[in-house]
Amino acid sequence: MLSYMLRRILVSIPILLVVLTLVFLLVRIAPGDPAVAALGDYASQEAVERMRERMGLNAPLWLQYVHFLGKLVQGDFGRSLINDVPVSQQIRRVLPYTLELTGAGIFFGLLFGVPLGVVTALRRNTLLDYGGRIFGLAGLSVPAFYLGILLMLLFSVQLDWFPVVGGGELSDLRDNLHHLVLPALSLGLIMTAYITRMTRSAMLQVLNEDYMRTARAKGLRERIVLLRHGLRTALIPIVSVIGVYSIVLIGSSVMTEVVFSRPGLGKLMVGAMKQRDYTTLQSIMVIYASFVVIINLVTDLAYGMLDPRIRYQ
């Protein structure tokens, strides 16, 4: 298992390097001049040139790229063009909110999706199965930000159970969880639809396998047969959809943070785009890209843990 983990980690390093290169190039070819964005449209040409020199934009592209990677290795994301605050400081302030929102969305998706998928597979072509399939189709059709608005109207405006906007204080666990419920549900319910459909499909493929009948013939309890022999075998495609949708969830969290006016990387990125703060925007894109590579790595490692045959392929 250790050698498999090392191989997957080594494969992830060049992938991350390619992604960082794409981020660097995309920011450089984006329309607009960062120096003009920092000084304003009415700045003189001399001031713009001095700012470009200060930002290192007059250097050759390859040298800018080397400096970019060197600063990343040191954990230096540069300074904001708007308020001259270190970008790493801004990211450290809002990153916990994005991590908890994404983690809570995944938690709700697993909590509701896997049991519902198993039950609908066992009750195939019943009213419960039809209801689960309709729920899955609806979840695939509704954007997370729109569902967030509906939840806000019902539970915040009409029932006054949860706060409308904000992320709460991280130091106050109760206040923080109170602000987290609705945004996490808006992401988690849609992830539940994906996981429910995949779990149902995977379970239907294994329920009538020979090893399932053999396990029942040995006198094992039905719960043990379903969980140990059925669900464990079906986990490979389920883990795949969890990995894929976790990446989608990170993207969906951007609009969710805007809808609920939560602090987070998404809201910070939208603000950087509006203000043309290229340094902050580039840094946040690097963080998001790193999340994608890490999630893919964790998914690959989960494959090896669930199915030992994968480690030796």
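Biologist: Before we look at the fold, what makes a stretch of chain count as a helix here?

Modeller: A helix is a DSSP run of H or I with at least four residues, and helices are numbered from the N terminus. Keep in mind that this model is predicted. Read along its sequence, the chain follows the pattern α-α-α-α-α-α-α-α-α-α-α-α-α. That pattern goes with 13 helices and zero strands.

Biologist: What are the dimensions of the box, and how much of the chain counts as buried?

Modeller: Along the principal axes, the C-alpha atoms fill a box of roughly 85 × 55 × 35 Å. Of the 313 residues, 41% count as buried. Buried means under 20% relative accessible area.

Biologist: Why is Y146 called partly exposed?

Modeller: Let's set the value against the cut-offs. Buried means under 20% and exposed means over 50%. Y146 has 43% relative accessibility, which lies in between, so Y146 counts as partly exposed. You will find this residue in helix 7.

Biologist: What makes Y146 able to join a nonpolar patch?

Modeller: A patch takes residues with over 30% relative accessible area and no salt bridge, and Tyr is among the nonpolar side chains that can be joined. At 43%, Y146 passes the area cut-off. Its partners in the patch are F145, I149, L150, L153, V157, V164, V165, M255 and V258, and together these residues and Y146 have about 810 Å² of accessible area. Helix 7 (144-158) and helix 10 each give two or more residues to the patch. Helix 7 gives the most, with six.

Biologist: Now the inside. What makes a space a cavity rather than a pocket?

Modeller: In a cavity a 1.4 Å probe fits but cannot get out, whereas a pocket is open. The structure holds one cavity of 30 Å³ or more. The largest cavity has a volume of about 50 Å³. Its lining includes F162, P163, G166, H178 and F260. V164 and V165 line this cavity too, and both also belong to the nonpolar patch.

Biologist: How do you know that no charged residue lines the largest cavity?

Modeller: Asp, Glu, Lys and Arg count as charged. The lining divides into eight nonpolar, three polar and no charged residues.

Biologist: And what lines the second largest pocket?

Modeller: This pocket, with a volume of about 280 Å³, is lined by 16 residues, of which I106, I242, S246, I295 and V298 lie nearest its centre. Helix 5 (87-122), helix 10 (222-259) and helix 12 (278-306) each give two or more residues to that lining. Helix 5 gives the most, with six. The lining has 10 nonpolar, six polar and no charged residues.

Conventions:
Residues are numbered from 1 along each chain as its sequence is written. This is a predicted model: local features need pLDDT of at least 70, side-chain atom pairs count only at pLDDT 80 or more; totals for chains, interfaces and linings use all residues. Side-chain values use heavy atoms; hydrogens and water are left out. On a 1 Å grid over the protein atoms alone, a cavity is a set of points where a 1.4 Å probe fits but cannot get out, and a pocket is an open set with protein on both sides within 12 Å along at least five of seven lines; lining residues have an atom within 4 Å of a point. Grid points are joined across faces, edges and corners, and a volume is the space filled by probe spheres set on the points. Patches are made of residues with over 30% relative accessible area and no salt bridge: like charges are joined within 9 Å, nonpolar side chains (Val, Leu, Ile, Met, Phe, Trp, Tyr) within 5 Å. Accessible areas come from the Shrake-Rupley method with a 1.4 Å probe; for residues, only the protein chains shown count as cover. A salt bridge is a side-chain nitrogen of Lys or Arg within 4 Å of a carboxyl oxygen of Asp or Glu. Buried means under 20% relative accessible area, exposed over 50%, partly exposed in between (1.4 Å probe, protein chains only).
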